[in-house]
Amino acid sequence: MGKYSYYSLMSMAVRSILTAGLEGIIVDAECHLSNGLPTMTIIGLGGKAIDEAKERIRSALATNHLPVPRKKITINLAPADVPKDTTSLDLAIALSILQASGQIAQAIKPDTAVIGELGLDGDIRPVRGIIGKIIAGRNKGIQEFLLPLANMPQALLVPNVKLTPVQNIKELCNGLNNGVLESSTGTDGSILPSLSSPTTTSLNEISGQLRAKRALQIVAAGGHNILLSGPPGTGKTMLAKALPSLLPPLSHDEMLEVTHLHSLVSGEYDKLITDRPFRSPHHSASHVAMVGGGVHLRPGEITLAHRGVLFLDEFPEFDRKTIEALRQPLEEQVVIISRAKDTARYPSNFILIATANPCPCGHFGTNRPCICSAYSIQHYRQKLSGPIIDRIDLCVDVEEIDHTKILNITGKDSNLVVQQQITKSRVLQAKRYKNVSKLNADMTNHDCKTVSVLERSAKLLLDEAASKLTISARAYIRVIKVARTIADLAESKTIRIEHITEALQYRPKTMQE
């Protein structure tokens, strides 16, 4: 650029994306070069990762023979009142310096966002949450993204955006000056890599338990939550693992959501999630591991189960605080993590399937002797509070199976028949709600009053049962939701008395009863 002038060395902002949960804001990296000692200062409420970016940028530029201006370098990350602690802003900061010092001939367009972490050798490394950044940028008018090559497999899932992969800061600088950067366009989901589905348990492999299998069909069709209770060894875990085989595949939009959420906690930046998640945390998992949080806010297990299944084996063995934290996700299908420095909102729309024993040893009420004291049984059952049980739609007792029937072979096509019925039910729900992702479990109170048409006899039965069983208003609505799913499986436009009767049979009771 020749001699440096104090007034001419303010670069146009280089834009990047900062995300928190599924929301994002545009960050402008501005560079100003002025007379003074050769230093680099980054302002704009940056964290440790932003402060360390200065050394990464200096080394990357020097290694690739890109002169670092011998000036006082001031970088401002606007908006300056939003905390920033991510390495994904490295590339935008570096390009703002190159732009201010005249090493890039043309300013980067305002509708272009730059994302990437810099290595000491100038390589551009992948970052977490690339899908969320692209979607947030697209929603705010960004049309082109310069991003690391390793992030491209995930980025290509986002349609209607221009993606330019870059590998090295020197190659990027030459490409910007010569106009030779090659771009790609995100796919609409019609072309995706062929991935093998994970091995899951099939209903065909489970002997007996017809009532529990019927309940799983209702759960899969309507997206309801379920609690399986019974002594150990009766097949509760096998039933839970059979649920994913009944669920339909993820849609393209759901793949975007799930892949983005998993990339926030995984180092596999090129991994695509094409199957519904099945998360099965151990009962010793901490509160933060389940809900999310930490120093740098990350999603927990209940968010990683989004659009899939959260399996909590030995439900009463989980920490009481962790169990109670499920209230908001089960009711609102979202979890809000609030900390002193930041707040993140993550989706948590999952199917909860939990298992429980009748007592700590598992043999209370069976033919085997129970060794638990009355206090330990009471303490065990009190781990599940009334408000939590009230949010579970179906409660099924899994009985002990006759040993002579364990090796019996069930119909090979039974799983396929159930899947077909579930698919038909979900098609009906998609037409009813005009939303392919909304299920009967997601109905609002207004939906229950309008689209869930109860026949008069069914309404009278439900009112009488609600009075005699003293169920809460929330439980009353949940019975209607389950009955609506049962009616859909029967391809009935109205909710009849037999649908209400079956739904009431699954009405959960508190563990104290």
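In what order do the strands of the open sheet of 5 strands lie? The order is β12-β15-β18-β11-β19, and the pairing is parallel. The structure is a predicted model, in which local features need pLDDT of at least 70 and side-chain atom pairs count only at pLDDT 80 or more, while totals for chains, interfaces and linings use all residues. Residues are numbered from 1 along each chain as its sequence is written, and side-chain values use heavy atoms, with hydrogens and water left out.

Helices (H or I, at least four residues) and strands (E, at least two) are DSSP runs, numbered from the N terminus. Two strands count as paired if DSSP finds at least two bridges between them. Strands of a sheet pair through backbone hydrogen bonds, either parallel or antiparallel. In the open sheet, β12 and β19 (394–397) are the edge strands. Each of them pairs on one side only. Strand β11 (residues 226–229) runs parallel to β19, and 4 bridges join the pair. Here Leu228 stands opposite Val396 of β19.

An antiparallel pair is also found. Strand β16 (residues 334–338) is joined to β17 by 5 bridges. Val335 faces Tyr346 of β17 across this pair. The link between β16 and β17 is a hairpin of 4 residues.

Strand β17 also takes part in the surroundings of helix α8 (residues 252–263). This helix has 12 residues. From its first C-alpha to its last, α8 reaches 16 Å, close to the 16 Å expected at 1.5 Å a residue. The expected span is 1.5 Å times one less than the number of residues. Is α8 largely enclosed or not? Of its 12 residues, 10 are buried, so α8 is largely enclosed by the rest of the structure. Buried means under 20% relative accessible area, exposed means over 50%, and partly exposed lies in between (1.4 Å probe, protein chains only). Among the buried residues are His252, Glu254, Met255 and Leu256. His260, Leu261, His262 and Ser263 are also buried. The buried residues of α8 pack against several elements, including α3 (130–139), α4 (152–155), β12 (278–279) and β17 (343–347). Contact means heavy atoms within 4.5 Å.

Helix α15 (residues 414–433) packs against helix α6 (residues 210–222). Two packed helices are described by the angle between their axes and the distance between the axes. Axes are lines fitted to C-alpha atoms, for helices over the stretch in contact, and angles run from 0 to 180 degrees between N-to-C directions. For α6 and α15 the angle is about 35°, and the axes are 8 Å apart. The crossing is right-handed. A crossing is right-handed if the near helix is turned clockwise from the far one by less than a right angle, and left-handed if anticlockwise. Gln217, Ala220, Ala221 and Gly222 of α6 meet residues of α15 that include Val418, Ile422 and Gln429. By class, this contact has 4 nonpolar, 5 polar and 1 charged residues. Ala, Val, Leu, Ile, Met, Phe, Trp, Tyr, Cys and Pro count as nonpolar, Asp, Glu, Lys and Arg as charged, and the others, Gly among them, as polar.

Helix α15 also packs against helix α18 (residues 473–489), at an angle of about 115° and with the axes 8 Å apart. This crossing is right-handed. From α15, the contact involves residues including Leu428, Gln429, Arg432 and Tyr433. From α18, Arg484, Thr485, Asp488 and Leu489 take part. The residues of this contact divide into 4 nonpolar, 4 polar and 3 charged.

Gln429 lies in α15. At 0% relative accessibility, Gln429 counts as buried. Beyond its neighbours within four places in sequence, Gln429 is in contact with residues including Ala221, Gly222, Lys434 and Asp488. Asp390, in helix α14 (residues 386–390), is buried with a relative accessible area of 15%. Outside its neighbours within four places in sequence, Asp390 is in contact with Ser472, Arg474, Ala475, Arg478 and Arg507.

Some loops hold backbone features of note. The peptide bond from Ala78 to Pro79 is cis, with omega near 5°. Pro79 lies in the loop between β4 (72–78) and α2 (90–100). Leu45 has a positive phi of about 60° although it is not a glycine. Leu45 is in the loop between β3 (40–43) and α1 (48–63), and at 48% relative accessibility counts as partly exposed. Asn160 has a positive phi near 65° and is likewise not a glycine. Asn160 lies in the loop between α4 and β9 (162–166), and is exposed with a relative accessible area of 67%.
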